[in-house]
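The following exercises concern the structure shown below. Each consists of a task and a solution worked in steps.

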Amino acid sequence: MFFERPNTGERAVLVHLDMYEDAEREDPAEFQELVRSAGATPVALVTGSRSSPNPKFYAGSGKVEEIRQIVVDQEAEVVLFNHALSPAQERNLEIELKCRVLDRTGLILDIFAQRARTHEGKLQVELAQLEHMSTRLVRGWTHLERQKGGIGLRGPGETQLETDRRLLRERIKYIHKRLEKVRKQRDQGRRARRRADIPTVSLVGYTNAGKSTLFNTLSVAGVYAADQLFATLDPTLRRLQVPDVGTTIFADTVGFIRHLPHKLVDAFQATLQETTEATLLLHVVDAANEERERNLQAVNEVLFEIGADEVPSLMVYNKVDLLEQVEPHIDRDDQGRPRAVWMSAAKDQGTEFLMQAISELLADDLVHKTLTLTPAEGALRAMLFEQNAVLDEQWDDKGSNLLEVRLPLSDFLQMLRRCDIAAERFGLRQQKETCEEFF
């Protein structure tokens, strides 16, 4: 019901009105991209301005008549507003225009419904759609009597509207239970990674910034990537080897957008949890977009809303191949730590700078020293070689190994625990045990 979509596009009339009192105005160009991403065919764009929305139609009566005439002339099937409409406004507009009317939230929900592939993604989208629909349910039954009358039909009972509202509540409750189970399963995976001290790097950013292309460049994961809004909906996790860090989980997540509907933020909590509990965020930005700063601010607002604003982040300015006189490089702060990386994921330019920056940020606690191992400590030597942590090996006159090693402190402490060797043996302090076994 919620995910079947016709293969052919729908002829759509787009409406964008600037409100003088609205400080955060929507972008008409982005709106047209949303419409095309939904599979519709824009046949006309109606623009205008008002001091404040009309309570009945959002637009003024004259503008509504203009839209109605365009719908007739263009044989349009749907009218899309680049604004949030109230249920009453949608209903009044549909009566006046005699065709379907969707606001910006409904359009984004439709795109998400088309992009959902996994069972979890479909559940999350259906939850958002049902909660959005529950406030607009009355529209579907204006052509029916609320309750039948006559001999044999009188008496207590639900109206059709009440029945549907009850069914919606039950379905919403069921989906919440299923998503809670998904959330617990994801929590188990995150706890296992924390026990093994495996860091997680989560890609976040404005929709169509190039996150999935970057993810594919790093991991060769084959994630769907396209020049359209919300090409990626379902999160994808991959294991990668990062120099000086070791095994690292990379997560590709759904893109954000200005004024992202709260229903979507609430419904996607299970997915967005990967972002809030990440070790490092890669904030991917389309460096060639004229709205770069506004998009960056929109992502920061969503990160704040989901509680991920305190997670350490690295700015990744993507698509530098579209800029003049900008070469891939690393920007550093006053302490010399990586602050931003300029690169092109599509052209695979600057990937080495990104991996270097990630390595420096994640490998703060790095062991780089020469160890003297006795013949009885051969198991530790084998583990170090297995993890490619040995830079050089020598032997002294007593037959002991002199190993120059470089690896994360947490990995080294795990090896020592497995070999039952005290950390003080190599001048280190034993940290609190964080894993059950070395992976």
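**Exercise 1. Cysteines**

Classify Cys 99 as buried or exposed, do likewise for Cys 419, and state how many disulfides the structure contains.

*Solution.* The model is predicted.

Step 1. The relative accessible area of Cys 99 is 11%. Because buried means under 20% relative accessible area, Cys 99 is buried.

Step 2. Cys 419 has a relative accessibility of 18% and is therefore also counted as buried.

Step 3. For a disulfide, two cysteine sulfur atoms must lie within 2.5 Å. Searching the whole structure yields 0 disulfides.

**Exercise 2. The protein as a whole**

Determine how many helices and strands the protein has, what share of its residues is buried, and what share of the accessible surface belongs to carbon and sulfur atoms.

*Solution.*

Step 1. The protein has 13 helices and 14 strands.

Step 2. Of its 439 residues, 49% are buried.

Step 3. Its accessible surface amounts to about 22,400 Å², and carbon and sulfur atoms account for 47% of that area.

Step 4. Taking contacts between residues at least 6 apart in sequence, 69% connect residues at least 24 apart.

**Exercise 3. The parallel sheet**

Establish the strand order of the open sheet of 4 strands, identify its edges, and describe how helices H1 and H2 are placed against its strands.

*Solution.*

Step 1. The order is S2-S1-S3-S4, and the pairing is parallel.

Step 2. Strands S2 (41-50) and S4 (100-102) each have a single partner strand, so one side of each lacks a neighbour in the sheet; these are the edges. From one strand to the next, the twist averages 20 degrees.

Step 3. Strand S1 (residues 11-19) runs parallel to S2 and is joined to it by 9 bridges. One bridge partner pair is Leu 17 with Gly 48 of S2.

Step 4. Helix H1 (residues 28-37) packs on this sheet, where it touches S1, S2 and strand S3 (78-81), and its direction makes about 155 degrees with that of S1. Helix H2 (residues 61-74) lies across S1, S2 and S3 and runs at about 170 degrees to S2.

**Exercise 4. The surroundings of Asn 82**

Locate Asn 82, decide whether it is buried or exposed, and name the side chain with which its own side chain makes a polar contact.

*Solution.*

Step 1. Asn 82 sits in the loop between S3 and helix H3 (87-97).

Step 2. Its relative accessible area is 0%, so Asn 82 is buried.

Step 3. The side chain of Asn 82 makes a polar contact of 3.0 Å with the side chain of His 16.

Step 4. Apart from neighbours within four places in sequence, the residues in contact with Asn 82 are Val 15, His 16, Glu 26, Asp 27, Pro 28, Phe 31 and Arg 104.

**Exercise 5. Positive phi values**

Find where Tyr 58 and Gln 325 lie, and classify each of the two, Tyr 58 and Gln 325, as buried or exposed.

*Solution.*

Step 1. Most residues other than glycine have a negative phi. Tyr 58 is not a glycine, yet its phi is positive at about 70 degrees. For Gln 325, likewise a residue other than glycine, phi is positive and near 60 degrees.

Step 2. Tyr 58 belongs to the loop between S2 and H2. With a relative accessible area of 8%, Tyr 58 is buried.

Step 3. Gln 325 belongs to the loop between strand S9 (313-318) and strand S10 (329-332). Its relative accessibility is 82%, so Gln 325 counts as exposed.

Step 4. S10 continues into a hairpin with S11, with 5 residues between the two strands; in the turn, Gly 336 has a positive phi of about 85 degrees. S10 pairs with strand S11 (residues 338-342) in the antiparallel sense over 4 bridges, and His 329 has Trp 342 of S11 as its bridge partner.

**Exercise 6. The antiparallel sheet**

Give the strand order of the open sheet of 3 strands and state which strands helix H12 touches.

*Solution.*

Step 1. The order is S12-S14-S13, with antiparallel pairing. Strands S12 (366-373) and S13 (390-395) are the edge strands, each pairing on one side only. The twist from one strand to the next averages 15 degrees.

Step 2. S13 and strand S14 (residues 401-408) pair over 5 bridges. Within S14, Leu 402 is the bridge partner of Gln 394.

Step 3. Helix H12 (residues 378-386) packs on the sheet and touches S12, S13 and S14, with its direction at about 50 degrees to that of S14. Helix H13 (residues 409-418) also packs on the sheet, touching S12 and S14, and its direction makes about 125 degrees with that of S14.

Terms used. Residues numbered from 1 in each chain as written. Predicted model: local features only at pLDDT ≥ 70, side-chain atom pairs only at ≥ 80, totals over all residues. Heavy atoms only, no water. Buried < 20%, exposed > 50% of the residue type's maximum accessible area, 1.4 Å probe, protein only. Pairing = 2+ DSSP bridges. Axes fitted to C-alpha atoms, helices over the stretch in contact; angles between N-to-C directions. Contact = heavy atoms within 4.5 Å. Areas by Shrake-Rupley, 256 points an atom, 1.4 Å probe, with all protein chains shown as cover. Polar contact = N/O pair within 3.5 Å; in protein donor to acceptor, adjacent residues only side chain to side chain.
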